[in-house]
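Got your viewer open and a free hand for the mouse? Let's take a walk through the model, one selection at a time.

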Amino acid sequence: MTALDFTPAAGAAPPVRRIMRHGVLEARLLTRNGEQLLLTLVIPLGILLAGRLVHGRFGPLEVVAPSVLALAAWSTGFTSVAIATAFERRYGVLERLAVTPLGKSGLIAGKSFAIILIMTGQVTILAGVAVALGWRPAFTVLSAAVALLLVIMATATFVCLGLLIAGRLRAEATLGLANLIYLVVLAGGALVVPLERYPAAVRPVIQALPTAALGEGLRAAAIGYALGGPVIVLAVWLPAAAWVARRGFRWTA
Amino acid sequence: MHSRPADPLVVDGLAVRFGRQMALDDLNLGAKPVGLTAVLGPNGAGKTTLIRCCTGLLRPATGAIRVLGKAPGSSSIASRVGFMPQSSGAWSGIKAGELLNYLGGLYAHPLDLRALTDRLGIGEYAATPYRRLSGGQQQTVNLAAALIGRPAIVFLDEPTAGLDPHARRATWHLLRDVRAAGVTIVLTTHAMDEAEALADLIYILDRGRVAISGTVAELTSSGQNLEDVYLAHTRAPVGT
């Protein structure tokens, strides 16, 4: 047995290793959480299959598939981050990790890496299933680039909003509110239901939502159109959300 | 009790306000090198707030803190500071061994995980999710997590709260070994016997201020025991 030597020996692991370790751990913990899996994968898959079997409210596969990818970004970026972070705050995980070499900035970087890992998995599975069901996207180089930009900007915006809720409310309140907002936006945020299907009177308001920007932008990109409007909407939302999250987030419960 | 600038912890004129309530009010305190400093006080006296300021989690309204000669929370001392929060400090779904392995990976020279878990008896429940551990097992894992990076100074917020007598004594023994290895320990506690058995220096807080401080011998020199000294210098928490 190796002797236990408590003699102080200062030293942090390299920053990239710390961030990657954290990201991999968070992603692994998410895969063990049934509720989080329901949000990130089961519901989007259900909508995808429902859209394929029944050409109802969600429209044909050309509309449903990119909509579901937008939903995946929303569920991971907003709902999962809000709920997970709220409980991390309540359990003192944030408190503990902020006082390690990971630090506050490393924790945020590690969370970002976890989100990238999770979303890569989501897109791979959801797009793979959509293609298997008959989806034939018609991305151009430009529309694919815009789609990627929209996903990055929208996810970052969603994360900031999720962190704001998690950093201000109690964990149970965050759980309830984040799920409620998830459902409200699912139904009314032009995320999976195209904007044109909403009453004309409310379209200008919905169009200004970050969820609508992502949903509309991805649906257009998947058929070869690169829209500038959604990029502008998100260019307004992202710095505003980041500023509010930075001001409002609290590390301790 | 005056601290010197070279001490591993120097707290000078610290004030923290939450709304209209003063959590800390002109608090002065220090920890000697390679010793165990115990901070006592009733609920709401400011012990956890003090620890949070010392670890950079809270920014005081006024006053100054130096930890190992640097500002709390600065990256240059992050790997030299260990911390055990009062709350669990762990994800509910993480396994005990997985948590320690992850935390050890954040440091360049962590303690040997196998030796640490053997010493603390964590091995038998290392594969158990944190939420299924007993309160005492969770405390033990938390203490191991605070020590795994081989810190020079460690802040422990009520490290033996909720432990049975056997586990408490095992923790005391461990803390003596940690101190003997050259680590400065700052802990908060409600247990007079714990402070008496372990502390080189004691601060008794009352409503955000140091009410009295000294070694056990100094505090009890008038013939009173430590609990009598504590009761004489503190007021019951508001509302009790």
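Start with chain B, and keep in mind that you're looking at a predicted model. Select residues 9-18 and 21-31 of chain B: these are strands β1 and β2, and they run antiparallel, joined by seven bridges. For one rung of that ladder, pick Val16(B), whose bridge partner in β2(B) is Leu24(B). Now look at the turn of this hairpin, where two residues sit between the strands. Click on Gly19(B) there, and you'll find a positive phi near 65°.

Stay with β1(B) and add residues 62-67 of chain B, which make up strand β4. These two strands also pair in the antiparallel sense, over five bridges. One bridge to spot links Leu9(B) with Val67(B) in β4(B).

Next stop: a sheet. In what order do the six strands of the open sheet in chain B come? Trace them across and you get β5-β6-β7-β3-β8-β9, with mixed pairing. The edges are β5 (81-84) and β9 (209-214) of chain B, each of which pairs on one side only. Tilt the view a bit to catch the twist, which averages 15° from one strand to the next. As a general reminder, strands of a sheet pair through backbone hydrogen bonds, either parallel or antiparallel.

Zoom in on the β9(B) edge. Strand β8 (residues 201-206) of chain B runs antiparallel to β9(B), and five bridges join the two. Select Tyr203(B) and look opposite it: there's Ser213(B), in β9(B).

Now swing over to the other edge and select residues 135-147 of chain B. This is helix α4 of chain B, lying across β5 and β6 (153-157) of chain B, and it runs at about 165° to β5(B).

Time to switch to chain A. How many helices and strands will you find in it? Colour by secondary structure and you'll see 10 helices and zero strands. Its C-alpha trace spans about 65 × 40 × 35 Å along the principal axes. For 253 residues, a compact globule would have a radius of gyration near 18 Å, and chain A agrees with that at 19 Å. Of those 253 residues, 47% count as buried.

Last, show both chains and find where they touch. The contact takes 33 residues from chain A and 44 residues from chain B. On the chain A side, highlight α1 (15-31), α3 (61-91) and α4 (93-98), the elements that each give two or more residues. Colour that side by class and you'll have 19 nonpolar, eight polar and six charged residues.

Notes
Residues are numbered from 1 along each chain as its sequence is written. Chains are lettered from A and ligands numbered from 1 in the order in which they are written. This is a predicted model: local features need pLDDT of at least 70, side-chain atom pairs count only at pLDDT 80 or more; totals for chains, interfaces and linings use all residues. Two residues are in contact if their C-beta atoms, placed from the backbone, lie within 7 Å. Helices (H or I, at least four residues) and strands (E, at least two) are DSSP runs, numbered from the N terminus. Ala, Val, Leu, Ile, Met, Phe, Trp, Tyr, Cys and Pro count as nonpolar, Asp, Glu, Lys and Arg as charged, and the others, Gly among them, as polar. Two strands pair if DSSP finds at least two bridges between them. Axes are lines fitted to C-alpha atoms, for helices over the stretch in contact, and angles run from 0 to 180 degrees between N-to-C directions. The radius of gyration is taken over C-alpha atoms; the globule rule is 2.2 Å times the number of residues to the power 0.38. A residue is buried if 20 or more other C-beta atoms lie within 10 Å of its own, exposed if 12 or fewer, and partly exposed in between; C-beta atoms are placed from the backbone.
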